[in-house]
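Here is a set of exercises to work through with a viewer open. Try each task on your own before you read its solution.

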Amino acid sequence: AKLNLIACRKARSSTAYQVGREYASIGLYLLENAWLCEYEISLEFHNLGAELASLCGDFEEMEQFVETVIANARSLIEQVNVCRIRIISNVSRNRLTEAITIGLQLLQKFGVNFPETPTTEEIQQSIAEVCQLIGDREIEDLVNLPIKTDVEKIAIIQITNSIMTPAYICGSPLTPLLISKSVKLSIQYGNTEDSALAYAAYAFMACNMLKKVVMGEMFGELEL
């Protein structure tokens, strides 16, 4: 089973998605009492299986993998990867509202709640909080923030980032709140590879919504 897992990873990396699915299927077949005796391997096989099924357009099988992980995962953190795969698959099928709903429901489980229909005041407040967190620092100094290690905060940023694009495409008023949330978490708890997207989105928002082009350029340089 471990050899099949290695082969499955390599197949995914080389975009041989259907071959990867076959390795995942064989690997899971070879495992006995997988979730009890080989939890980590089983979890990775299911994560890969869900991703590969989605990439091949087999969304029914993807959902089966997702539901199996949700039912057997030992923690909420270990459900995040397949839930993000579910979000991305909905976006790829132009099911944007469903994608946003999945993300918001998952964020609620982490204790992160957004208003259903944010007011202008709530949007302005979320933006003001970013400025307060920056304080007297220069925006370019944010690149020197420590690396984030809190896995829960990393997961929240990943989920939030996953629904930024569908929210923007839908014209959802949640968009600035989502962007601000990811940026605030980066400033508060340190940068992660997902912070780059948050900074880029904030740069776009600064230029187009806030009409603060210089600020937008500075946040855009952080993304680079």
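The exercises below concern a predicted model, and each one is followed by a worked solution.

**Exercise 1. Check the span of helix 9 against its number of residues.**

Solution.
- Step 1: Helix 9 covers residues 151-170, and it has 20 residues.
- Step 2: The expected span is 1.5 Å times one less than the number of residues, so helix 9 should span 28 Å.
- Step 3: The C-alpha atoms at its two ends are 29 Å apart, which agrees with the expected value.

**Exercise 2. Describe helix 9 from its N-terminal cap to the residue that follows it.**

Solution.
- Step 1: Begin at the N-terminal end, where Asp150 acts as the cap. One of the side-chain oxygens of Asp150 lies 3.0 Å from the backbone nitrogen of Glu152.
- Step 2: Move along to Met164, where helix 9 has a kink of about 30°. The proline Pro166 comes shortly after this kink.
- Step 3: Go past the end of helix 9 to Gly171, which has a positive phi, near 75°.
- Step 4: Now look at the surroundings of the helix: 14 of the 20 residues in helix 9 are buried, so by the cut-off of under 20% relative accessible area helix 9 is mostly covered.

**Exercise 3. Find the residues that touch the most other members of the largest nonpolar core, and the elements that build this core.**

Solution.
- Step 1: The largest nonpolar core has 42 residues. Leu142, Val183, Tyr202 and Phe219 touch the most other members.
- Step 2: Two or more residues come from each of helix 6 (80-92), helix 7 (96-109), helix 8 (120-134), helix 9 (151-170), helix 10 (175-189), helix 11 (195-208) and helix 12 (213-223).
- Step 3: Take Leu142 and set aside its neighbours within four places in sequence; Leu142 is then in contact with Ile134, Arg137, Ile187, Asn191, Tyr199, Phe219 and Leu222.
- Step 4: Another core, of 22 residues, lies apart from this one. Its members include Leu5, Ala50, Leu52 and Ala53.

**Exercise 4. Place Asn191 in the structure and state whether it is buried or exposed.**

Solution.
- Step 1: Asn191 sits in the loop between helix 10 and helix 11.
- Step 2: Its relative accessibility is 9%. Buried means under 20%, so Asn191 counts as buried.
- Step 3: Not counting residues up to four places away in sequence, Asn191 touches Leu142, Val143, Leu145, Pro146, Ile147, Lys148, Ser186 and Tyr199.
- Step 4: With one of these, Tyr199, the side chain of Asn191 makes a polar contact of 2.6 Å.

**Exercise 5. For three of the salt bridges in the structure, say which parts of the chain they join and how covered each partner is.**

Solution.
- Step 1: The whole structure holds nine salt bridges. Start with Arg21 and Asp58, whose side chains meet at 2.7 Å, N to O. Arg21 belongs to helix 2 (residues 17-30), while Asp58 is in the loop between helix 4 (39-55) and helix 5 (59-72), and the two are 37 residues apart.
- Step 2: Arg21 is buried at a relative accessible area of 14%, whereas Asp58 is partly exposed at 26%. Arg21 and Asp58 also belong to a network of salt bridges with Glu61.
- Step 3: Next come Arg86 and Glu63, with a salt bridge of 2.6 Å, N to O. Arg86 is in helix 6 and Glu63 in helix 5, so this pair ties together parts 23 residues apart in sequence. Arg86 is buried at 12%, and Glu63 is partly exposed at 27%.
- Step 4: Finish with Lys184 and Glu129, whose closest N and O atoms are 2.4 Å apart. Lys184 lies in helix 10 and Glu129 in helix 8, so the pair ties together parts 55 residues apart in sequence. Lys184 is buried at 14%, and Glu129 is partly exposed at 25%.

**Exercise 6. Examine the positive phi values of Asn94 and Lys211.**

Solution.
- Step 1: Asn94 is not a glycine, yet its phi is positive, near 65°. Asn94 lies in the loop between helix 6 and helix 7.
- Step 2: Lys211 is not a glycine either, and its phi is about 60°. Lys211 lies in the loop between helix 11 and helix 12.
- Step 3: Exposed means over 50%, so Asn94 counts as exposed at 60% relative accessibility. Lys211 likewise counts as exposed, at 62%.

Note on methods. Residues numbered from 1 in each chain as written. Predicted model: local features only at pLDDT ≥ 70, side-chain atom pairs only at ≥ 80, totals over all residues. Heavy atoms only, no water. Core = buried A, V, L, I, M, F, W, Y, C linked by side-chain atoms within 4.5 Å. Buried < 20%, exposed > 50% of the residue type's maximum accessible area, 1.4 Å probe, protein only. Helix = DSSP H or I, 4+ residues; strand = E, 2+ residues; numbered from the N terminus. Contact = heavy atoms within 4.5 Å. Bend = angle between axes of the 7 residues up to and from the residue. Polar contact = N/O pair within 3.5 Å; in protein donor to acceptor, adjacent residues only side chain to side chain. Salt bridge = Lys/Arg side-chain N within 4 Å of Asp/Glu carboxyl O.
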